[in-house]
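Me: I have a model open and would like to go through some of its contacts and strands with you. Could you take my questions one at a time?

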Amino acid sequence: MERSIIETDPTKQDDLWEAFIHGDGRQRPFAEQWAFYQENYSQRRAEDGPPLAWRPSRELIARSNIGRLMAELGVENYGDLHTWSVAERAEFWERTIARLGIAFDRRPDAMIGSRDVKHPRWLAGARLNCVDSCFQAPAEKVAVISGNETKRDLRTTTYAELERLAARFANGLRQQGFRQGDGIALYMPMTLECVAAYLGIVRSGCRVISIADSFAPAEVRRRMEIGDASGIVTVDSFVRAGKTIRLYDRLRQVVPAPAIVIPADDRASVQLREGDLLWSEALGDEDVFRSVAADPYAVTNVLFSSGTTAEPKAIPWTQLTPLKCAMDGHYHHDIRPDDVVAWPTNIGWMMGPWLIYAALINRATIALYEGVPSGAAFADFVRAAGVTILGTVPSLVRSWRMTGAVPEEHWSAVRVLSSTGEPSSREDYLWLMSRTGYRAPVIEYCGGTEIGGGYITGTVVQPASPATFSTAALGLELILIDEAGRALDSVGEGELFVVPPSIGLSETLLNKDHETIYYSDCPVGPNGEVLRRHGDRIYRLPHGFFKAQGRSDDTMNLGGIKVSSLELERVLQRHDAVYECAAVGVQSGGEGAESLVVYVVTETEIDLQQLAKELNTVVAQEINPLFKIHELIPVDALPRTASNKLM
């Protein structure tokens with residue numbers, strides 16, 4: 001491969017990269033593309049901002065949902081649009097609700113009904129059921145494409161068919177004696193029936209209690225008790241990675257609430273407990289159901305934080321939260337009616353309900369894959385289903401890359417990639433973009449269940465640099481506070497705080513004190529703003545970019561020097577032998593100075609003493625020569641939560 005021209009002008013660096021990937025560069029092996037990328041940007045100065053991998057064309061900007069909003073407002077650049085969305089929050093949400101076509105039983109008297117930014121009373125006086133806004137696409141349009149790791153054929157379900165199934169389930173709930181406000185748990189994979197049950201529960205005025213299918217029976221029972229669930233919907237069994245997982249059997253002895261059980265197939269014989277029903281028996285005969293309209297703050301869904309040792313936070317989603325999901329999907333992921341959206345997820349993680357609302361309210365199609373998404377079968381499903389917007393998490397991307405599951409430009413139909421869950425790798429995400437022929441940017445997306453979506457993200461109207469964010473979410477203002485307690489308005493690292501109000505922000509918790517967790521002891525903004533704690537550390541880069549630095553409480557003190565686990569892991573994972581790792585600070589006897597312990601998953605068998613020596617050299621050279629790895633512990637895999645976050 002010829003060597004790139006070493007260029008100090010950042011604009012010319014970007015032009016050289018673009019010429020390379022739009023020329024014959026994208027036909028070359030990724031190793032050569034990565035080498036070109038590194039060399040091309042080797043003279044990039046910090047003040048020039050991170051190296052770009054993708055830039056939008058004028059035509060793409062004009063066609064995008066954000067571009068059309070900017071044209072409506074007469075705004076010429078994205079920065080001004082974001083400033084307006086924060087300064088004029090009521091108008092921003094009024095326009096957004098109109099663009100999304102949100103259906104109301106009674107329209108609001110005011111967008112914001114209170115001056116209390118912690119409790120603003122959004123959509124004061126309104127009555128609605130958010131599920132009505134999910135069925136405004138043409139009846140014959142495909143709502144869901146379903147795939148399965150054991151079957152290669154795809155199943156399609158139209159909006160009309162999905163609505164009828166959801167209505168039959170809502171009618172069945174009424175016939176079984178469930179009433180408005182009752183909690184019904186969903187403990188199952190993300191399938192068509194899961195989506196229909198979710199929509200039917202909310203349409204009936206009941207509350208979904210979301211539980212990830214990976215949880216053990218005791219954890220399921222605990223979450224049902226916290227959410228006050230009166231019943232549960234589950235599956236008899238499903239297949240994941242060739243292994244049959246029997247969910248109903250897990251519940252039989254420990255969950256007393258009545259269960260609705262979906263068989264593995266139509267011919268399956270399920271031995272039910274007394275009082276339990278098969279899915280077919282739980283469906284009502286009528287396929288029309290009038291939605292139960294409610295106050296915007298009526299709870300529709302209870303989700304849980306990913307805690308596994310202490311009691312998880314029970315976070316209620318209301319009729320308002322889907323508006324945040326749909327807004328983020330509309331603007332930041334540019335979801336349009338002709339899109340097919342896939343995001344390997346689970347109904348127990350916020351991205352499950354997020355996917356339902358973000359896709360359906362935007363009149364798009366959901367692509368659901370039942371099985372393990374880390375292999376070639378999922379890659380083929382993405383292609384066969386015509387997926388145009390693909391969401392993922394960093395560990396999945398690394399698995400696809402290491403196993404060769406996704407051939408060159410296999411996903412050429414994908415126009416937007418997105419990532420959430422944990423910080424990503426620049427090299428891995430440049431590789432991910434190469435699978436689309438560099439047609440698709442990666443929209444880094446970071447938020448939380450208590451936000452209803454993202455607080456920091458990207459857009460298709462801004463340049464993309466792998467593993468970085470390019471904007472706060474529209475309608476949200478963020479402030480970074482440094483170690484000295486000062487607000488950062490330039491380059492630097494600080495703890496991120498959200499400036500309320502915004503639709504989607506939680507205002508209550510079911511089992512903890514909301515005020516204490518999110519507002520107690522928070523600093524005041526530079527202009528007297530009320531600040532809301534989120535707990536992430538963010539580094540502000542030049543030219544409006546941001547980089548995640550991990551959680552504020554995920555730091556260790558090594559020899560009197562603070563360092564984040566994420567910073568160490570990023571450096572350690574550059575070693576060729578390291579697949580992934582977790583850095584932990586451990587105190588001897590529970591007190592005193594911390595020692596660095598690293599859990600490591602290796603690519604191949606390797607001499608651990610030699611690896612520890614090499615990793616110590618890397619840490620000394622790239623972070624601090626005073627840092628030493630006290631112990632290197634090999635593991636087969638790192639423990640992850642139901643949402644695939646590292647524990």
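Reply: Happily! Contact here means heavy atoms within 4.5 Å. The model is predicted, so local features need pLDDT of at least 70 and side-chain atom pairs count only at pLDDT 80 or more, while totals for chains, interfaces and linings use all residues. Residues are numbered from 1 along each chain as its sequence is written, and side-chain values use heavy atoms, with hydrogens and water left out.

Me: Is threonine 471 buried or exposed?
Reply: Threonine 471 lies in strand β21, residues 471-472; helices (H or I, at least four residues) and strands (E, at least two) are DSSP runs, numbered from the N terminus. Not counting residues up to four places away in sequence, threonine 471 touches Tyr78, His82, His332, Ile456, Thr457, Gly458, Thr459, Gln462, Gly544 and Phe546. Buried means under 20% relative accessible area, exposed over 50% and partly exposed in between, with a 1.4 Å probe and protein chains only. At a relative accessible area of 5%, threonine 471 is therefore buried.

Me: Which side chain makes a polar contact with the side chain of threonine 471?
Reply: A polar contact is a pair of N or O atoms within 3.5 Å; within protein, one must be able to donate a hydrogen and the other to accept it, and residues adjacent in sequence count only if both atoms are side-chain atoms. For threonine 471 the distance is 2.9 Å, and the partner is the side chain of tyrosine 78.

Me: What is the distance of the polar contact between the side chains of glutamine 33 and tyrosine 438?
Reply: Glutamine 33 lies in helix α2, residues 30-40, and counts as buried at 1% relative accessibility. A polar atom of its side chain lies 2.8 Å from the backbone oxygen of arginine 28. The side chains of glutamine 33 and tyrosine 438 make their polar contact at 2.6 Å.

Me: Which residue in β13 is the bridge partner of asparagine 301?
Reply: Two strands pair if DSSP finds at least two bridges between them. Strand β12 (residues 299-304) has five of its six residues buried, and two bridges join it in parallel to β6 (residues 207-210), where valine 208 stands opposite asparagine 301. Five bridges join β12 to β13 (residues 314-318), and these run antiparallel. In β13, the partner of asparagine 301 is tryptophan 317.

Me: How do α6 and α12 pack: roughly parallel or roughly perpendicular?
Reply: Axes are lines fitted to C-alpha atoms, for helices over the stretch in contact, and angles run from 0 to 180 degrees between N-to-C directions. Helix α6 (residues 89-100) and helix α12 (residues 321-332) pack at about 80°, with axes 11 Å apart. Angles under 35 degrees count as roughly parallel, over 145 as roughly antiparallel, 65 to 115 as roughly perpendicular and the rest as oblique. So α6 and α12 are roughly perpendicular.

Me: Which are the edge strands of the open sheet that includes β24 and β25?
Reply: Five strands form this open sheet, with antiparallel pairing and the order β23-β22-β24-β25-β26. Six bridges join β24 (residues 492-499) to β25 (residues 532-540), and valine 498 stands opposite arginine 532 in β25. The edge strands each pair on one side only, and they are β23 (487-488) and β26 (546-551).
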